[in-house]
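Please read the report below alongside the sequence and the coordinates. The topics are aromatic pairs, charges over rings, the ligand site and some local backbone features.

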Amino acid sequence: MLENDVAAKDLSLVIKSELNKNGLVILPPMDVSTSFELVSTNVGDIDVCMLDPWYNKGIGGVRDDYNEFVMSLLTKASRISQHVFLWGFPEIVANFVSRIPSPLEYNCWLTWYYKNNPSVIRGWRSAQQTCLHLSRSEAQIFLEPFLTEKQLQKKEEGKLRYIPGPPSVIEAALNIGFIGRNEQTGHPAQKPEKVYDTLFKMTANSESLVFDPMAGSGTTGAIANKNGFKAILCDHNPDYIELMEKRLGLKRVSL
Ligand SMILES: C[S@@+](CC[C@H](N)C(=O)[O-])C[C@H]1O[C@@H](n2cnc3c(N)ncnc32)[C@H](O)[C@@H]1O
């Protein structure tokens, strides 16, 4: 066996044994294209890929190749994932609705609505972010977590005529000031757990594996711990890797 093959085998074992032991793996800091390659080669198919990059305005700055960058992420995600979530502001995410790489298909345009954004400019006060939900046609969707006791009982009896899912607008306050104090980590673009909880309840069960290559403060990991699915997390910023280690009580793997 070549030396490279041995290394790849070891890497795959490290990741799988950490996932079995802790349910979570925090990778060392690396660029999203490297972590995609690492996961594709050493883990293979995953159930859900969370793509939450900077949004090309405000925090994180502007990159001229933003559309190409996001398209390359969608393409990489499409090769290994059943479900993909892509976050951004509406006018940015809109660019990708007609460019969905096969075998992914458009599933839903989700809106995260928050009322508590402090206005710093004159004019409209931004109160929404968009999340595009893309899925393969055969991808599993879990609706039971959203049913009431009564609906579950009716379903058992075969009397539920249709299964209502959650609304495509998720209302949750921004974690700022006193709001969401117990969740706040200091990451400048941290998502509220309530928002991610809804996305993952619909797409992941205890058997599922989620990959979040730009995990920031580790919100995906926090929900994985609560809801019982497995997750691989990464970010290119070493400070944020430290932040998620602290939040999740877990050290990064050494590769
Ligand atoms: C919007 S934040 C993610 C927030 C996260 N969902 C949370 O709830 O904390 C975007 C993250 O993408 C990371 N990021 C941006 N470009 C990256 C790249 N090329 N490779 C890896 N991570 C990247 C940033 O460091 C930042 O933490």
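The sections below go through side-chain contacts, the ligand and the backbone of this predicted model.

## Aromatic pairs

Nine aromatic pairs turn up in a search of the whole structure. For Tyr55 and Phe89, the ring centres are 5.3 Å apart and the planes stand at 80°; planes over 60 degrees apart count as edge-to-face, so this pair is edge-to-face. The two residues are 34 apart in the chain, and the pair links distant parts of it. Tyr55 belongs to the loop between strand S2 (46-51) and helix H3 (66-80), while Phe89 belongs to the loop between strand S3 (81-88) and helix H4 (90-93). Both Tyr55 and Phe89 are buried.

Tyr196 and Phe200 make another edge-to-face pair, because their planes are at 90° with the ring centres 5.8 Å apart. Both residues are in helix H6 (residues 193-203), and because they are four residues apart there, about one helical turn separates them. Tyr196 has a relative accessibility of 2%, so Tyr196 counts as buried. Phe200 has a relative accessible area of 0% and is buried as well. Tyr196 and Phe200 also belong to one aromatic cluster, together with Trp87, Trp112, Tyr114 and Phe229.

## Charges over rings

Which ring lies under the charged end of Lys57? The ring is that of Phe89, and the charged end of Lys57 is 4.7 Å from its centre. Phe89 thus appears in two arrangements, with Lys57 over its ring and with Tyr55 as its edge-to-face partner.

Arg63 takes a position over the face of Phe69, and the distance to the ring centre is 3.8 Å.

## The ligand site

There are 21 residues around the ligand, and those that come nearest are Asp31, Asp52, Ser217, Thr219 and Asp235. Sorted by class, the shell consists of 10 nonpolar, seven polar and four charged residues.

Where do nitrogen atoms of the ligand come close to polar atoms of the protein, at Val32 for example? At Val32, a polar backbone atom is 2.9 Å from a nitrogen atom of the ligand. At Tyr196, an N or O atom of the side chain is 3.0 Å from a ligand nitrogen. At His236, a backbone N or O atom is 3.3 Å from a ligand nitrogen. The ligand taken alone exposes 600 Å², and the protein buries 98% of that area. Tyr196 therefore has a part in this site through its side chain, and its ring is paired edge-to-face with that of Phe200.

## Polar side chains in helix H6 and strand S5

Thr203, like the Tyr196 and Phe200 pair described above, has its place in helix H6. Its relative accessible area is 2%, so Thr203 is buried. A polar atom of the Thr203 side chain lies 2.8 Å from the backbone oxygen of Leu199.

Ser135 is in strand S5 (residues 128-135). With a relative accessible area of 6%, Ser135 is buried. The side chains of Ser135 and Asn107 are joined by a polar contact of 2.9 Å.

## Backbone features

The peptide bond between Ser102 and Pro103 is cis, with omega about 5°. Pro103 is in the loop between H4 and strand S4 (105-113), and Ser102 is found in the loop between H4 and S4. Is Ser102 buried or exposed? Ser102 has a relative accessible area of 63%, and because exposed means over 50%, Ser102 is exposed. Measured by position in the sequence, Ser102 and Leu74 are 28 residues apart, and their C-alpha atoms are 9.8 Å apart in space.

Asn56 is not a glycine, yet its phi is positive, at about 65°. Asn56 is located in the loop between S2 and H3. Its relative accessibility is 18%, and since buried means under 20%, Asn56 counts as buried.

## A residue in strand S7

Leu209 has its place in strand S7 (residues 209-212). At 12% relative accessibility, Leu209 counts as buried. Leu209 and Ser254 are 45 residues apart along the chain, and 20 Å separates their C-alpha atoms.

Terms used
Residues numbered from 1 in each chain as written. Predicted model: local features only at pLDDT ≥ 70, side-chain atom pairs only at ≥ 80, totals over all residues. Heavy atoms only, no water. Phe/Tyr/Trp six-rings, centres within 6.5 Å; stacked < 30°, edge-to-face > 60°. Buried < 20%, exposed > 50% of the residue type's maximum accessible area, 1.4 Å probe, protein only. Lys NZ or Arg CZ within 6 Å of the ring centre and 35° of its normal. Near = heavy atom within 4 Å. Polar contact = N/O pair within 3.5 Å; in protein donor to acceptor, adjacent residues only side chain to side chain. Areas by Shrake-Rupley, 256 points an atom, 1.4 Å probe, with all protein chains shown as cover. Nonpolar A, V, L, I, M, F, W, Y, C, P; charged D, E, K, R; others polar.
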